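Subject: the structure I promised, with notes

Hi,

Here is the structure we talked about. Have a look at it first, then read my notes underneath.

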Amino acid sequence: MILIADIVLLFHFFIVIFITFGFVLIPIGYNFDWLWIKNKKLRLLHFGMMIFITFETMLGIACPLTILENNLRGVNENQLFISMWISKIIYWDFPSNFFIILYFLFLGWTFLMWKNYPPIKKSV
């Protein structure tokens, strides 16, 4: 079960990386005319994830991946070295109000990126 929990954690980590790098790469890539940054499906995925994360935090709901990982890992089981460090990067010990404010700020940033750096419309 530890191996499956580590796979879930790694997947969770890649989602965090995707969202975080999106905040930086979208404006940069737009200015350098990178076509993959203008991909509407990619941008909808990024925007949708930010909406989901913001509202689950606002409603006090734990991330489904966190719940799955915790169930797989169990309370008293030790983590492998890599999963320990990924956990330290992903899970911060701050009050939920901090995350609600942070996620709303980043959701606003995501919305501004959508308006200022819109994805390209598919040509028919």
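Below is what I found, going from the overall fold to the salt bridges and then the pocket.

One thing to keep in mind: this is a predicted model.

**The fold**

The protein has five helices and zero strands, so to speak an α-α-α-α-α pattern when you read along the sequence. The C-alpha trace spans about 55 × 30 × 25 Å along its principal axes. Of the 124 residues, 32% are buried. I also looked at contacts between residues at least 6 apart in sequence: 79% of these join residues at least 24 apart.

**The salt bridges**

How many salt bridges does the structure hold? Three, and I'd go through them one by one.

Start with Asp6 and Arg73, whose side chains meet at 2.9 Å, N to O. Asp6 sits in helix H1 (residues 2-31) and Arg73 in helix H3 (residues 64-73), so this pair ties together parts that are 67 residues apart in sequence. Both ends of the bridge, Asp6 and Arg73, are buried.

Arg73 also has a salt bridge with Glu69, at 3.1 Å, N to O. Here the partners are both in H3, four residues apart, which puts about one helical turn between them. As a reminder, an α-helix has 3.6 residues a turn, so residues three or four places apart point the same way. Glu69 is buried, as is Arg73. Because they share partners, these salt bridges join Asp6, Glu69 and Arg73 into one network.

The remaining bridge is between Lys38 and Asp33, at 2.5 Å, N to O. Are its two ends buried or exposed? Lys38 has 10% relative accessibility, and since buried means under 20%, Lys38 counts as buried. Asp33, with a relative accessible area of 48%, is partly exposed.

**A closer look at H3**

Which residues of H3 are buried? They are Leu65, Thr66, Glu69, Leu72 and Arg73, so two of the salt-bridge partners above, Glu69 and Arg73, turn up in this list. Looking down the axis of H3, the buried residues fall within an arc of 135°, so they line one face of the helix. After H3 comes Gly74, which has a positive phi, near 80°.

**The largest pocket**

The largest pocket holds about 920 Å³ of space. It is lined by 29 residues, and the closest to its centre are His12, Val16, Ile53, Ile90 and Tyr103. Which elements give two or more residues to this lining? They are H1, helix H2 (40-58), H3, helix H4 (81-90) and helix H5 (96-116). H2 gives the most, with seven residues. By class, the lining of the largest pocket has 21 nonpolar residues, seven polar and one charged.

If you open the model yourself, Arg73 is a handy place to begin: from there you can follow the bridge to Asp6 in H1 and the one to Glu69 within H3. After that, the five residues I named around the pocket centre will take you to the other region I described.

Cheers

Definitions and conventions: Residues numbered from 1 in each chain as written. Predicted model: local features only at pLDDT ≥ 70, side-chain atom pairs only at ≥ 80, totals over all residues. Heavy atoms only, no water. Salt bridge = Lys/Arg side-chain N within 4 Å of Asp/Glu carboxyl O. Buried < 20%, exposed > 50% of the residue type's maximum accessible area, 1.4 Å probe, protein only. 1 Å grid on protein atoms, 1.4 Å probe; cavity = no way out; pocket = protein on both sides within 12 Å on 5 of 7 lines; lining within 4 Å. Points joined across faces, edges and corners; volume = space filled by probe spheres on them. Nonpolar A, V, L, I, M, F, W, Y, C, P; charged D, E, K, R; others polar. Arc of directions from axis to C-beta. Contact = heavy atoms within 4.5 Å.
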